[in-house]
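Biologist: I should like to learn how to read the features of a structure that is new to me. May we go through them in turn?

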Amino acid sequence: MLAIEESQKLSLSNLPSLTLFTGADQGQYEIMKTQVLKQIGYDSADLNFAYFDMKEVDYKSLELELVSLPFFADEKIVILDHFLDLTTAKKRYLSDDELKAFEEYLENPSPTSKLVIFAEGKLDSKRRLVKLLKRDAKIFEALEPKEQEMRSYFQKWAQEQGLTFDGKSFEQLLIKSGFQFSEIQKNLLFLLSYKDGGLITEEDIVEAIPKTLQDNIFDLNPAHPSEED
């Protein structure tokens, strides 16, 4: 099962105390992230949510938030976004001392704070912090899907939205989208608004989906007609 499918089961009521969303498949990861924030009801104006962008975080403020009590509920949700220190990316935003302090928090977390971490990219398994997360967190990792997994996911998604595909139109959609997760999703959303009836034909794909670079190259280099005698 794809991470994006598994994460659809999450809600505010069943959210684990420590959850990590990660993965190298950027398209699937971004859709999953948007989907999860909506499912748990994230609202920046809600005082029981605390959001930190790890690219520009003041760690002391984060540390204080982690251990402070919630305002109007039994638990609060602390969201750490763009936590690239967990990944193989060369970017580092926390100092060694700050990372160590965070590791110490994970060893003894606050019982009234639920921690949601978003870390796009490939996890750096050599880091002690990642080892702690693999031990204690519920992890949703957006891996590059196999072609059949992607077909199955989007066929199911399209059916739920009331879309049906005539002939080879679904295959043409995949080809036009370059078999890229985010492109398929974007084009399906466009088709939803483009075709009221829900039945998608091959002509719809040709007319509605923007041309790819390969299409443009083909247009610039048409086959030469045979010369007449």
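The dialogue below takes up a record annotation, helix packing, single residues and backbone angles.

Biologist: What kind of model is this, and which residues does the UniProt annotation "domain: DNA polymerase III delta N-terminal" cover?

Modeller: This is a predicted model. According to UniProt, in an unreviewed entry, the annotation "domain: DNA polymerase III delta N-terminal" covers residues 20-142. In the model, the span of residues 20-142 is 36% helix and 22% strand, and its end C-alpha atoms lie 11 Å apart.

Biologist: How should one read the packing of two helices?

Modeller: In general, two packed helices are described by the angle between their axes and the distance between the axes. Take helix α3 (residues 59-67) and helix α4 (residues 96-107): their axes come within 11 Å and cross at roughly 5°. Angles under 35 degrees count as roughly parallel, and α3 and α4 are therefore roughly parallel to each other. On the α3 side the contact is made by Y59, E63, L66 and V67, and on the α4 side by E98, A101, F102 and Y105. By class, this contact of α3 with α4 has six nonpolar, no polar and two charged residues.

Biologist: How do α4 and α5 lie relative to each other, and which residues make their contact?

Modeller: The axes of α4 and α5 come within 10 Å and cross at roughly 20°. The two helices are therefore roughly parallel to each other, and α4 passes α5 in a left-handed crossing. From α4, the contact uses L99, F102, E103, L106 and E107, while α5 supplies R128, L129, L132, L133, R135 and D136. The residues of the contact of α4 with α5 divide into six nonpolar, no polar and five charged. F102 of α4 takes part in the contact with α3 and also in the contact with α5.

Biologist: At what angle do the axes of α6 and α7 cross, and what is the handedness of the crossing?

Modeller: The axes of helix α6 (residues 147-160) and helix α7 (residues 169-176) come within 12 Å and cross at roughly 120°. That angle makes α6 and α7 oblique to each other, and their crossing is right-handed. R151, F154 and Q155 of α6 meet F170, E171 and L174 of α7. By class, the contact of α6 with α7 has three nonpolar, one polar and two charged residues.

Biologist: Let us turn to single residues. Is V130 buried or exposed, and what does V130 touch?

Modeller: The guide here is relative accessible area, with buried meaning under 20% and exposed over 50%. V130 is found in helix α5 (residues 128-136). V130 has a relative accessible area of 1% and is therefore buried. Leaving aside neighbours within four places in sequence, V130 is in contact with L86, L123, D124 and S125. V130 and F102 are 28 residues apart in sequence and 11 Å apart in space, C-alpha to C-alpha.

Biologist: Where does D124, a contact of V130, lie?

Modeller: D124 lies in the loop between β4 (113-120) and α5. With a relative accessible area of 17%, D124 is buried. Beyond its neighbours within four places in sequence, D124 is in contact with L86, T87, T88, R92 and V130. L86 is thus listed among the contacts of V130 and of D124.

Biologist: Is A24 buried or exposed?

Modeller: A24 counts as exposed because its relative accessibility is 57%. A24 lies in the loop between β1 (18-23) and α2 (26-39). Neighbours within four places in sequence aside, A24 is in contact with G121 and A142. The C-alpha atoms of A24 and Q8, 16 residues apart along the chain, are separated by 19 Å.

Biologist: How is the sign of phi to be read?

Modeller: Most residues other than glycine have a negative phi. H82 has a positive phi of about 55° although it is not a glycine. H82 lies in the loop between β3 (76-81) and α4, and at 16% relative accessibility H82 counts as buried.

Biologist: Where is F179 found, and what is its phi?

Modeller: F179, which is not a glycine, has a positive phi of about 55°. F179 is found in the loop between α7 and α8 (181-194). Its relative accessible area is 27%, so F179 is partly exposed.

Note on methods
Residues are numbered from 1 along each chain as its sequence is written. This is a predicted model: local features need pLDDT of at least 70, side-chain atom pairs count only at pLDDT 80 or more; totals for chains, interfaces and linings use all residues. Side-chain values use heavy atoms; hydrogens and water are left out. Axes are lines fitted to C-alpha atoms, for helices over the stretch in contact, and angles run from 0 to 180 degrees between N-to-C directions. Helices (H or I, at least four residues) and strands (E, at least two) are DSSP runs, numbered from the N terminus. Angles under 35 degrees count as roughly parallel, over 145 as roughly antiparallel, 65 to 115 as roughly perpendicular and the rest as oblique. A crossing is left-handed if the near helix is turned anticlockwise from the far one by less than a right angle, and right-handed if clockwise. Contact means heavy atoms within 4.5 Å. Ala, Val, Leu, Ile, Met, Phe, Trp, Tyr, Cys and Pro count as nonpolar, Asp, Glu, Lys and Arg as charged, and the others, Gly among them, as polar. UniProt positions are given in the numbering used here, feature names are shortened, and annotations may be inferred rather than shown by experiment. Buried means under 20% relative accessible area, exposed over 50%, partly exposed in between (1.4 Å probe, protein chains only).
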